[in-house]
Amino acid sequence: MVPTNYYVILSAILFGLGVFAFIFKRNIITIFMSIELMLNAVNLAFVAFSQVWHRLDGQVFVLFVIVVAAAEAAVGIGIIIMIVRNRQTLNVGRVDILKL
Amino acid sequence: MTAPLIVFFVLAALAVIGAVSLIFQKHPIHSALSLIVVMIALAGLYLLLGAEFVAAVQIIVYGGAIMVLFVFVIMLLNAGVEEHTSISKMAGPAGLLLVIALAGLVAATIVRSTDSILGTMQTGEMSSPSGVSKTLGISNMIFKDFVYPFELTSFLILVAVLGATVLAQREKS
């Protein structure tokens, strides 16, 4: 059987890679995808701990996280379409209307 | 090395390779395909953990709905290869430092807790190993213990649908 530690370490690695992608990517759609990667990493930790404690709360929470991620994707993609329509770019470096 | 451990390492390697590929691909459509690989690998890990229902939802909602939405928008907006800006030079060292600090913190916590409950307990040995009863338990929790959050979820989705419609509609000129 697989020790729970392995799952948690994999979850931490995936979350770190998500943070890395969030900071380094310039494309707004890819930044959005890195947020989904981080949510997935958290879901893995939830399911792993749910198995440790022999309780289903973690799996129910994963379902809620997935619902929130779906809602977030819908709204976020609306925002992305708005940005592209107004500024004709997907590069976050060029979306600097609040910059002094 | 037992069979579950081998399956775990294969799926974990697939997930990490997909995540690294997401970072280093220049074209957003390649990043999206890498993310689909990560999600399918994670669905396999959920199956390995004995969470069949979550694995199915992961494939249907994440791999199906959300990623199709992403690919659809990438093609709709005709997104090209990522361009570099001057801002990435400033964000580089700071971001790397932040990521290393985060990874170090998580690793330290995991290493410290190895001797306690996490290290001794093994996964995959549920008291009720039958998948049907586990899905039954999830539905019981959602519709009994978590019924208010569940109803709030439907409200959240309604707000998200309205918000997306309002944001994406063309302005009348």
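Is A:Gln88 buried or exposed, judged by its C-beta neighbours inside 10 Å? Select that residue and keep the question in mind while the tour begins, remembering that what is on the screen is a predicted model. A:Gln88 has 8 C-beta neighbours inside 10 Å and therefore counts as exposed, the cut-off for that class being 12 or fewer. The residue is found in the segment after H3 of chain A, and its phi is near 55 degrees, a positive value in a residue other than glycine.

**Confidence before detail**

For the complex as a whole, the predictor gives an ipTM of 0.91 and a pTM of 0.85. If you colour chain B by pLDDT, the mean you are looking at is 82, with 83% of the residues of that chain reaching 70 or more. Among the elements of chain B, helix H2, residues 28–49, has the highest mean pLDDT, 93, whereas helix H5, residues 117–120, has the lowest, 51. Select next residues 123–127 of chain B, where the pLDDT is below 50, although in the model this stretch has 19 contacts beyond near neighbours in sequence.

**Chain A: a pair of helices**

Now select residues 28–52 of chain A, which form helix H2, together with residues 57–87, which form helix H3; the two helices pack at an angle of about 175 degrees, and their axes are 9 Å apart. Because of that angle, H2(A) is roughly antiparallel to H3(A). To see where the helices meet, show the side chains of residues including A:Phe32, A:Leu39, A:Phe46 and A:Phe49 on H2(A), and of residues including A:Phe61, A:Val65, A:Ala69 and A:Ile80 on H3(A). By class, this contact has 14 nonpolar, five polar and two charged residues.

Stay with H2(A) for a moment and look at its two ends: the end C-alpha atoms are 37 Å apart, which agrees with the 36 Å that its 25 residues should span at 1.5 Å a residue.

Next, follow the chain out of H2(A) to A:His54, which lies in the loop between H2 and H3 of chain A. This residue has a positive phi of about 55 degrees although it is not a glycine. A:His54 counts as exposed because it has 11 C-beta neighbours inside 10 Å.

Then go back to A:Ile13, which lies in helix H1 of chain A. With 19 other C-beta atoms within 10 Å, A:Ile13 is partly exposed. Add A:Met38 to the selection, and you have two residues that are 25 residues apart along the chain, with their C-alpha atoms separated by 9.9 Å.

**Where the chains meet**

Show both chains together and select the residues in contact between them: 58 residues come from chain A and 75 residues from chain B. On the chain A side, helix H1 (4–24), H2 and H3 each supply at least two residues, and the largest share, 20 residues, comes from H3(A). Colouring the side of chain A that touches chain B by residue class divides it into 44 nonpolar, twelve polar and two charged residues.

**Chain B: helices along the sequence**

With chain B alone in view, you will find seven helices and zero strands. Of its 173 residues, 23% count as buried. Among the contacts in chain B with a separation of 6 or more, 56% are between residues 24 or more positions apart.

Select H2(B) together with helix H3 of chain B, residues 52–76; their axes come within 8 Å and cross at roughly 175 degrees. These two helices are therefore roughly antiparallel to each other. In the contact, residues including B:Leu35, B:Met39 and B:Tyr46 in H2(B) meet residues including B:Ile59, B:Tyr62 and B:Phe70 in H3(B). By class, the contact has 19 nonpolar, two polar and one charged residues.

Finish at helix H7 of chain B, residues 147–168, whose 22 residues reach 32 Å from the first C-alpha to the last, close to the 32 Å expected at 1.5 Å a residue. How many of the residues of H7(B) are buried? The number is one of the 22, so this helix lies largely in the open.

Notes:
Residues are numbered from 1 along each chain as its sequence is written. Chains are lettered from A and ligands numbered from 1 in the order in which they are written. This is a predicted model: local features need pLDDT of at least 70, side-chain atom pairs count only at pLDDT 80 or more; totals for chains, interfaces and linings use all residues. Axes are lines fitted to C-alpha atoms, for helices over the stretch in contact, and angles run from 0 to 180 degrees between N-to-C directions. Helices (H or I, at least four residues) and strands (E, at least two) are DSSP runs, numbered from the N terminus. Angles under 35 degrees count as roughly parallel, over 145 as roughly antiparallel, 65 to 115 as roughly perpendicular and the rest as oblique. Two residues are in contact if their C-beta atoms, placed from the backbone, lie within 7 Å. Ala, Val, Leu, Ile, Met, Phe, Trp, Tyr, Cys and Pro count as nonpolar, Asp, Glu, Lys and Arg as charged, and the others, Gly among them, as polar. A residue is buried if 20 or more other C-beta atoms lie within 10 Å of its own, exposed if 12 or fewer, and partly exposed in between; C-beta atoms are placed from the backbone. pLDDT is the predictor's confidence in each residue, from 0 to 100. The expected span of a helix is 1.5 Å times one less than its number of residues.
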